[in-house]
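The following paragraphs lead the reader through a structure, starting from one residue and its neighbours. Please keep the sequence and the coordinates at hand while reading.

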Amino acid sequence: MGTAGHVPQLGEPTHRLRRMSGRDPHETNRVATPLELLFDLTFVIAFGSAASELAHALAEGHIRAGLASFVFVTFAVCWAWVNFSWFASGYDTDDWVYRLMTMLQMVGVIILALGIPPVYASIERGAHVDNRLMVAGYIVMRIAMVAQWIRAARQDPDRRRMCLTYAVTITVAQLGWVGIAIAETSVPVTFLLAALMTLVELAGPWIVERRNGNNSPWHAHHIAERYGLLTIIALGEGVIGTVASLSAIVTAQGWSVDAVLVAVAGTGLTFGMWWIYFVVPSAHLLDAQRDKAVPFGYGHIAVFTSIVATGAGLHVAAYYIEGHSKLGSVATVLSVAIPVGIYVASVYLLYLLLVGGRDTFHALMVALTAVVLATAVALAAAGISMPVCLLVIMLAPVVTVVGFELFGHRHAMDVIRRRLGIDS
């Protein structure tokens with residue numbers, strides 16, 4: 001109960017229309033909103049579908065088709081998330097129009113996710129890429145997204161040109177995607193045209209940077225948190241893959257030493273990947289270097305893709321343990337080791353992007369990680385059991401964790417302070 005006569009100050013109880021004039025990029029205590037967290041849940045479905053289809057394709061021996069499909073659909077999923085998240089960081093009004101437009105984009109993501117299996121099936125057949133349903137999901141998302149950019153252009157005159165540039169490039173790229181879906185081109189032609197449409201859409205940020213500099217009102221700490229949260233969501237695929245592998249062993253053998261090893265390996269691998277992502281204070285570095293926004297934002301696509309692929313690899317290991325996979329032991333281990341290696345390399349590349357320069361310590365960490373992954377593959381070739389090989393792969397992120405906890409943090413902080421111009 002409050003003191004007599006004291007009336008607590010509460011926020012506005014309604015979500016009436018507000019002017020979309022841009023958020024303060026240096027606003028204190030800016031965090032992800034409940035609406036953004038709800039929006040991210042739709043990507044759980046999309047990531048899960050992409051990983052499940054990849055695992056099934058690899059287990060059936062359709063390696064090239066599976067990998068091509070996975071890269072195609074996962075890139076599309078991440079691309080949709082990136083576009084919304086940066087807009088929301090700058091123009092989140094949280095009024096009823098903004099909320100409904102976000103809900104419409106969520107519907108689009110769900111349609112996109114439903115379109116993932118047909119893409120895998122069509123690429124496996126090799127005739128053409130059946131991405132009609134995925135494009136339909138994008139149409140729904142882009143109608144909402146373009147409407148939001150146009151609204152921002154009308155209500156934020158200082159950034160009108162920037163907002164219209166994004167609206168135009170997104171619209172042109174989307175029309176291109178519709179044309180590709182209608183034409184039903186071959187797999188190589190579709191991939192080539194998709195790359196072209198990606199460049200068209202990337203022209204938006206490039207033109208904005210050239211004309212407007214760093215005028216967009218996105219918030220560095222908010223963006224860093226949003227990327228961290230989607231990283232955690234993607235890591236959920238590692239947990240799912242671990243459960244699948246564990247269930248396969250328990251079903252076949254009951255609880256055994258192998259079951260314990262798989263549980264430890266999968267959980268430890270996921271935990272280690274989580275740990276190393278948050279080693280670097282990217283928010284402070286991004287805030288001081290707003291010109292790094294584009295490579296930081298789109299460079300994360302490799303991070304998200306490799307995480308989801310790791311979860312798929314663990315699921316492939318489950319198929320192998322169950323005896324339902326056409327892959328051998330080495331190929332199965334590679335299905336986990338390769339995405340883990342790409343993930344570790346991507347995290348270090350993002351660190352170099354924000355900090356700059358060459359660093360012997362980090363080169364050593366990457367080299368030792370590669371040795372660990374190569375050891376796991378060698379053990380598989382020597383006939384060592386799958387649970388033991390997975391346990392060795394688990395040690396790959398542990399190399400960075402131990403290295404940073406013993407020596408790296410102090411070294412990294414000294415480098416970061418110099419980069420930010422902070423006295424020790």
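In this predicted model, a convenient starting point is Ile 393. Leaving aside residues up to four places away in sequence, Ile 393 touches Leu 269, Val 333, Val 336, Ala 337, Val 340, Leu 373 and Ala 376.

Ile 393 also belongs to a wider assembly. The largest nonpolar core comprises 122 residues, and Ile 393 is among those with the most contacts inside it, together with Phe 43, Phe 47, Trp 149, Tyr 227, Tyr 343 and Leu 390. Helix α2, residues 63-91, supplies the largest share of this core, namely 16 residues. In soluble globular proteins, nonpolar side chains tend to be buried together.

Attention now turns to helix α1, which covers residues 34-59. Its 26 residues, at 1.5 Å a residue, should span 38 Å, and the end C-alpha atoms are 38 Å apart, so the expected and modelled values agree. After α1 comes Gly 61, which has a positive phi near 85 degrees.

Pro 117 lies in helix α4, residues 116-125. Beyond residues up to four places away in sequence, Pro 117 touches Ser 49 and Glu 53. The relative accessible area of Pro 117 is 30%, so this residue is classed as partly exposed. From Arg 30, Pro 117 is separated by 87 residues in sequence and by 38 Å in space, C-alpha to C-alpha.

Which residues make a nonpolar patch of about 490 Å² on the surface? The patch is formed by Leu 17, Trp 96, Leu 100, Met 103 and Val 107. Leu 17 is located in the segment before α1. With a relative accessible area of 53%, Leu 17 passes the limit of over 50% and therefore counts as exposed.

Two further residues illustrate the other accessibility classes. Is Ser 282 buried or exposed? Its relative accessible area is 15%, which is under the 20% limit, so Ser 282 is buried. Ser 282 is situated in helix α10, residues 282-288, and it touches Ala 224, Phe 296 and Leu 354, not counting residues up to four places away in sequence.

Ala 331, in helix α12 (residues 329-355), has a relative accessibility of 29% and therefore counts as partly exposed. Ala 331 and Ala 317 are 14 residues apart in sequence, and their C-alpha atoms are 9.7 Å apart in space.

How values were computed. Residues are numbered from 1 along each chain as its sequence is written. This is a predicted model: local features need pLDDT of at least 70, side-chain atom pairs count only at pLDDT 80 or more; totals for chains, interfaces and linings use all residues. Side-chain values use heavy atoms; hydrogens and water are left out. A nonpolar core is a set of buried Ala, Val, Leu, Ile, Met, Phe, Trp, Tyr and Cys residues joined through side-chain atoms within 4.5 Å. Buried means under 20% relative accessible area, exposed over 50%, partly exposed in between (1.4 Å probe, protein chains only). Helices (H or I, at least four residues) and strands (E, at least two) are DSSP runs, numbered from the N terminus. Contact means heavy atoms within 4.5 Å. The expected span of a helix is 1.5 Å times one less than its number of residues. Patches are made of residues with over 30% relative accessible area and no salt bridge: like charges are joined within 9 Å, nonpolar side chains (Val, Leu, Ile, Met, Phe, Trp, Tyr) within 5 Å. Accessible areas come from the Shrake-Rupley method with a 1.4 Å probe; for residues, only the protein chains shown count as cover. A salt bridge is a side-chain nitrogen of Lys or Arg within 4 Å of a carboxyl oxygen of Asp or Glu.
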